[in-house]
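User: I'd like to learn how to read charged side chains in a model like this one. Could you walk me through it?

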Amino acid sequence: MQRTFLAIKPDGVQRGLIGKIISNLEEKGFKLVGMKFMKVSNELAQKHYGEHKDKPFFNGLVSFITSGPIVAMVWEGKNIISAMRKIMGKTNPLDADVGTIRGNFAVDIGRNIVHGSDGEESAKREISLFFKEEELVSWNQDIQKWIYE
Ligand code: DAT
Ligand code: MG
């Protein structure tokens, strides 16, 4: 099993999409292992988006992610890092397939609703930026035998 970091960004929270997004992932069969409703500090935002610090959109990205509360989560499942990226859809929502979160709910690249880790390294890094080890919950998902062979 693999873990990934997923955040519902301030636009997703403001638009009342928290429940829909979480339902979608529960229905898929993934397991929630950590969740926080929080505001991102400037310092955390700079660290989180560190890989983009030289990009022209960096300042906008930091001010957007700190502009309102987010839902930070850790989800667990088989191949979940790439599966979550598929469920999220392409970065630019106009290129994202219908049925994906971004394809269904977003229009603009700067208001694309969710963040998800893009690989094993970033998943590890992002999970530890947002969560202490003891804030992650190991539990048995009783329906797991109906989801995994
Ligand atoms: P993703 O969020 O799909 O992992 P990314 O890591 O390349 O995409 O970029 C992080 C965020 O930065 C992205 O969700 C939206 C914003 N962004 C990316 N490219 C952009 C661009 N060309 N113009 C404006 N914002 C951009
Ligand atoms: Mg990214």
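User: Let's begin with Arg3: how exposed is Arg3, and what is its relative accessibility?

Analyst: Happy to help, and keep in mind that this is a predicted model. Relative accessibility places a residue between buried and exposed, with buried meaning under 20% and exposed over 50%. Arg3 has 25%, so it counts as partly exposed.

User: Which side chain meets Arg3 in a salt bridge?

Analyst: The general idea first: side chains of opposite charge can pair when their charged atoms come close. Here the partner of Arg3 is Glu76, at 2.8 Å from N to O. Arg3 belongs to strand 1 (residues 2-8) and Glu76 to strand 3 (residues 70-77), so this pair ties together parts that are 73 residues apart in sequence.

User: Is Glu76 buried or exposed?

Analyst: Glu76 is buried, because its relative accessible area is 15%. Glu76 also forms a salt bridge with Lys31, at 3.4 Å from N to O. That second pair again links distant parts of the chain, with Lys31 in strand 2 (residues 31-38) and Glu76 45 residues away in strand 3. Lys31 is buried too, as is Glu76. Put together, Arg3, Lys31 and Glu76 make up a network of salt bridges.

User: How many salt bridges are there by this rule?

Analyst: The count comes to four. One of them joins Lys36 and Glu135, whose closest N and O atoms are 2.9 Å apart. Lys36 sits in strand 2 and Glu135 in the segment after helix 7, so the pair ties together parts 99 residues apart in sequence. Lys36 is partly exposed at 24% relative accessibility, and Glu135 is partly exposed at 29%.

User: What about Glu126, which has no salt bridge: where is the nearest side chain of opposite charge?

Analyst: A useful check is the 4 Å limit for a salt bridge. Glu126 is buried, and its nearest side chain of opposite charge, Arg125, is 4.4 Å away. Glu126 lies in helix 7 (residues 120-130). Leaving aside neighbours within four places in sequence, its contacts are Phe5, His48, His115, Gly116 and Ser117.

User: And how do the charges look over the whole protein, by their mean positions?

Analyst: Comparing the mean positions of the two signs gives a quick overview. The protein has 21 positive and 19 negative charges, and their mean positions are 2 Å apart. As for the fold around them, there are seven helices and four strands, in the order β-α-α-β-α-α-β-α-α-β-α along the sequence.

Note on methods
Residues are numbered from 1 along each chain as its sequence is written. Chains are lettered from A and ligands numbered from 1 in the order in which they are written. This is a predicted model: local features need pLDDT of at least 70, side-chain atom pairs count only at pLDDT 80 or more; totals for chains, interfaces and linings use all residues. Side-chain values use heavy atoms; hydrogens and water are left out. Helices (H or I, at least four residues) and strands (E, at least two) are DSSP runs, numbered from the N terminus. Buried means under 20% relative accessible area, exposed over 50%, partly exposed in between (1.4 Å probe, protein chains only). Lys and Arg count as positive and Asp and Glu as negative; His and the chain ends are not counted. Contact means heavy atoms within 4.5 Å. The place of a charge is taken as NZ of Lys, CZ of Arg, CG of Asp or CD of Glu.
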